[in-house]
Amino acid sequence: MNVQVIDGSAIAKEVRGDLKNRAKDLLEQGVKPGLAVIIVGDDPASSIYVRYKVKACEEVGIHSEVHRFPENASQDEVQRCIIDLNDNQHIHGILVQLPLPKHFSSHAITTSIAVEKDVDAFHFYNIGALVTGNSTFLPCTPYGVLKMLAKHHIPIEGQHAVVVGRSNIVGKPMALMLLEKGATVTICSSKTRDLASHTRSADILVVATGRPKMITADMVKTGATVIDVGINRLSDGKLVGDVDFAAVKEKVAFITPVPGGVGPMTIAMLLCNTIESAERMQSANT
Ligand code: NDP
């Protein structure tokens, strides 16, 4: 099979190039787009993700600010910060880096964010808007996946899409977005019986489980498109996805690598949502 490896880093670079121009246009109208990131605790992976986000903002011309709280901060303290940011006219996007410490309610925190600044689209208002096909913000990771499919002209309508994973931030919104685009969608989880019987019938297979290399070549259809959302660090320090890339790529038409696949797209779409938010607020003010 002649496989095409979908280069997420290259597509993300293109998206950032376009966003840079949009940020410049906004600046000419006196608006510098702004993103606020809240991080609680000292989870090393979260700190790395926040660093990537800040660097990407700088590159595109988005003002970014990081609000750090210690592990033992109270939910009240963090919510007060969010409320201030909701009222801050220089901030167009607010995100809270997950996971939060155990004594926090992620639901209470994400629903404190003003819906029009909810660039991660985790607020239940924005999830409801997605369900009814009226979304203002699309969740960044599935949004990035759709961009990658579009870039390679991979059809969605009428295709059988199988999403492995049903989290609120990846699996469920991914399934809804594919459904909205006309795919017939199957959602699988750890409770699914005979997972391979589902994955093998997928024209488009999206995997987001956090289980290293769990999708093997015998679990995919010849000629399928395989999107690997998983990011797993092995004990030797190597990063791998949820798909056994080396074996699966011999059988499929399109596949995303890890790293360099969905990860860079997620950050690019976060920047995209922030610029969109700034553009919306600017046009509402003129
Ligand atoms: P969660 O842990 O919240 O969800 C994992 C999902 O996978 C659950 O629904 C779980 O099922 C399902 N699952 C676990 N094991 C199996 C199995 N053996 N068979 C079928 N389903 C299974 O993870 P996230 O959705 O937050 O993230 C998933 C992966 O994606 C992680 O590796 C994460 O690091 C990565 N990620 C990558 C991003 C990127 O930008 N590339 C962005 C966000 C996440 P159940 O519900 O039954 O427990």
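Val226 stands opposite Ile255 in strand 11. That strand, residues 254-255, pairs with strand 8, residues 225-228, in the parallel sense over two bridges. The model is predicted. Its ligand sits in the largest pocket, and 22 residues surround the ligand.

**Sheet**

- Six strands form an open sheet with parallel pairing.
- The strand order is 1-11-8-7-5-6.
- Strand 1 (4-5) is one edge strand, and strand 6 (184-188) is the other.
- Each of these edge strands pairs on one side only.
- Strands 8 and 11 stand next to each other in the order, and two bridges link them.
- In general, the strands of a sheet pair through backbone hydrogen bonds, either parallel or antiparallel.

**Ligand shell**

- The closest residues to the ligand are Arg166, Ser167, Ser189, Ser190 and Thr266.
- By class, the shell holds nine nonpolar, eleven polar and two charged residues.
- Helix 10 (residues 262-285) gives the most to this shell, with three residues.

**Polar contacts with the ligand**

- Thr266 uses its side chain: an N or O atom there is 2.7 Å from an oxygen atom of the ligand.
- Arg211 also uses its side chain, with a polar atom 3.3 Å from a ligand nitrogen atom.
- Val229 uses its backbone instead: an N or O atom lies 3.2 Å from a nitrogen atom of the ligand.
- On its own, the ligand has 920 Å² of accessible area, and the protein covers 71% of that area.

**Cis peptide bonds**

- The peptide bond from Leu98 to Pro99 is cis, with omega near 5°.
- Pro99 has its place in the loop between strand 4 (93-96) and helix 4 (106-110).
- Val258 and Pro259 are also joined by a cis peptide bond, and omega is about 0° there.
- Pro259 belongs to the loop between strand 11 and helix 10.
- The loop of Pro259 thus links two elements already met: strand 11 pairs with strand 8, and helix 10 gives three residues to the ligand shell.

**Positive phi**

- Asp194 is not a glycine, yet its phi is positive, at about 50°.
- Asp194 is found in the loop between strand 6 and helix 8 (195-199).
- Strand 6, before that loop, is an edge strand of the sheet.

Methods: Residues are numbered from 1 along each chain as its sequence is written. This is a predicted model: local features need pLDDT of at least 70, side-chain atom pairs count only at pLDDT 80 or more; totals for chains, interfaces and linings use all residues. Side-chain values use heavy atoms; hydrogens and water are left out. A residue is near a molecule or strand if one of its heavy atoms lies within 4 Å of it. A polar contact is a pair of N or O atoms within 3.5 Å; within protein, one must be able to donate a hydrogen and the other to accept it, and residues adjacent in sequence count only if both atoms are side-chain atoms. Accessible areas come from the Shrake-Rupley method with a 1.4 Å probe; for residues, only the protein chains shown count as cover. On a 1 Å grid over the protein atoms alone, a cavity is a set of points where a 1.4 Å probe fits but cannot get out, and a pocket is an open set with protein on both sides within 12 Å along at least five of seven lines; lining residues have an atom within 4 Å of a point. A molecule sits in a cavity or pocket if more than half of its atoms lie within 2 Å of its grid points. Helices (H or I, at least four residues) and strands (E, at least two) are DSSP runs, numbered from the N terminus. Ala, Val, Leu, Ile, Met, Phe, Trp, Tyr, Cys and Pro count as nonpolar, Asp, Glu, Lys and Arg as charged, and the others, Gly among them, as polar. Two strands pair if DSSP finds at least two bridges between them.
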